[in-house]
Amino acid sequence: GNERKWGMDPKQIQAWKDGMTGYPLVDANMRELKATGFMSNRGRQNVCSFLTIDMNMDWRYGGDYFEELLLDYDVHSNWGNW
């Protein structure tokens with residue numbers, strides 16, 4: 001099978017949410033989201049990719065967090081793009 005083993009480290013997930021990953025592009029986008037409730041589409045793609053590919057965290061943590069903070073949240077766009 002091709003089942004991926006997702007990481008679930010709460011400290012890493014919190015660092016991603018807080019914009020404290022050590023990667024300036026990711027951190028700036030996550031801090032913008034936290035401060036304003038907005039993030040560009042490209043920023044969303046970057047931070048989503050970073051969470052899942054680079055940090056190997058379950059994408060559903062990101063989907064949940066976006067649902068909490070995005071002012072332009074749309075259930076279909078959010079979960080469909082994750």
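Visitor: Let's start with Leu-33. Where is the place of Leu-33?

Guide: Leu-33 sits in helix H2. Keep in mind as we go that this is a predicted model.

Visitor: And how do I decide whether Leu-33 is buried or exposed?

Guide: Look at relative accessibility, where a residue under 20% is called buried. Leu-33 counts as buried because its relative accessibility is 1%.

Visitor: Which residues does Leu-33 touch, not counting those up to four places away in sequence?

Guide: The partners are Phe-38, Met-39, Tyr-65, Phe-66, Leu-69 and Leu-70. For a distance to try on your screen, take Leu-33 and Trp-59: their C-alpha atoms are 17 Å apart, with the two positions 26 residues apart in numbering.

Visitor: Leu-33 looks like part of a nonpolar cluster. Which residues of the largest nonpolar core touch the most other members?

Guide: That core has 16 residues, and those touching the most other members are Trp-16, Met-30, Leu-33, Val-47 and Phe-66. Helices H1, H2, H3 and H4 each contribute at least two residues to this core. H3 gives the largest share of the core, four residues.

Visitor: Then let's turn to H3. How many residues does helix H3 have, and what does its length tell me?

Guide: One way to read a helix is to compare its end-to-end reach with the span expected from its residue count. H3 covers residues 41-54, which is 14 residues, and its first and last C-alpha atoms are 19 Å apart, close to the expected 20 Å.

Visitor: How should I read the pattern of buried positions along a helix?

Guide: Start from the geometry: an α-helix has 3.6 residues a turn, so residues three or four places apart point the same way. With that in mind, look along H3, where the buried residues are Gly-43, Arg-44, Val-47, Cys-48, Phe-50, Leu-51 and Thr-52.

Visitor: What covers the buried residues of H3?

Guide: The cover includes helix H1 (10-18), helix H2 (24-36) and helix H4 (59-69).

Visitor: Can we see that cover residue by residue, beginning with H2?

Guide: Asn-29 is a good one to click on, and its place is in helix H2. Asn-29 is buried, because its relative accessible area is 9%. Beyond residues up to four places away in sequence, Asn-29 touches Met-39, Ser-40, Gly-43 and Val-47.

Visitor: And from the H4 side, what is Gly-62 in contact with?

Guide: Gly-62, a residue of helix H4, is in contact with Trp-16, Leu-51 and Trp-82 once neighbours within four places in sequence are left aside. Gly-62 counts as buried because its relative accessibility is 0%. Gly-62 and Thr-52 are 10 residues apart in sequence, and their C-alpha atoms are 8.7 Å apart.

Visitor: Back on H3, is Ile-53 buried or exposed?

Guide: The cut-off for exposed is over 50%. Ile-53, also in helix H3, counts as exposed because its relative accessibility is 52%. From Ile-53 to Asn-81 the C-alpha distance is 15 Å, for a separation of 28 residues in sequence.

Visitor: What follows H3?

Guide: Look at the backbone angles after the helix. H3 is followed by Asn-56, in the loop between H3 and H4. Phi of Asn-56 is near 55 degrees, a positive value in a residue other than glycine. Asn-56 counts as partly exposed because its relative accessible area is 25%.

Visitor: Does a charged residue in a helix read the same way? Take Asp-27: is it buried or exposed?

Guide: Use the same accessibility reading. Asp-27 lies in helix H2 and counts as buried because its relative accessible area is 7%. Leaving aside neighbours within four places in sequence, Asp-27 is in contact with Gly-19, Met-20, Thr-21 and Gly-22.

Visitor: Finally, the largest pocket. What is its volume, and which residues are closest to its centre?

Guide: For a pocket, read the volume and then the lining. The volume of the largest pocket is about 250 Å³. Its lining has 13 residues, and Asn-41, Arg-44, Ser-77, Asn-78 and Asn-81 are the closest to the centre.

Visitor: Which helices supply the lining, and what kinds of residues make it up?

Guide: H3 and helix H5 (75-81) each supply at least two lining residues, and H3 has the largest share, with four. By type, the lining divides into five nonpolar, five polar and three charged residues.

Methods
Residues numbered from 1 in each chain as written. Predicted model: local features only at pLDDT ≥ 70, side-chain atom pairs only at ≥ 80, totals over all residues. Heavy atoms only, no water. Expected span 1.5 Å × (residues − 1). Buried < 20%, exposed > 50% of the residue type's maximum accessible area, 1.4 Å probe, protein only. Contact = heavy atoms within 4.5 Å. 1 Å grid on protein atoms, 1.4 Å probe; cavity = no way out; pocket = protein on both sides within 12 Å on 5 of 7 lines; lining within 4 Å. Points joined across faces, edges and corners; volume = space filled by probe spheres on them. Nonpolar A, V, L, I, M, F, W, Y, C, P; charged D, E, K, R; others polar. Core = buried A, V, L, I, M, F, W, Y, C linked by side-chain atoms within 4.5 Å.
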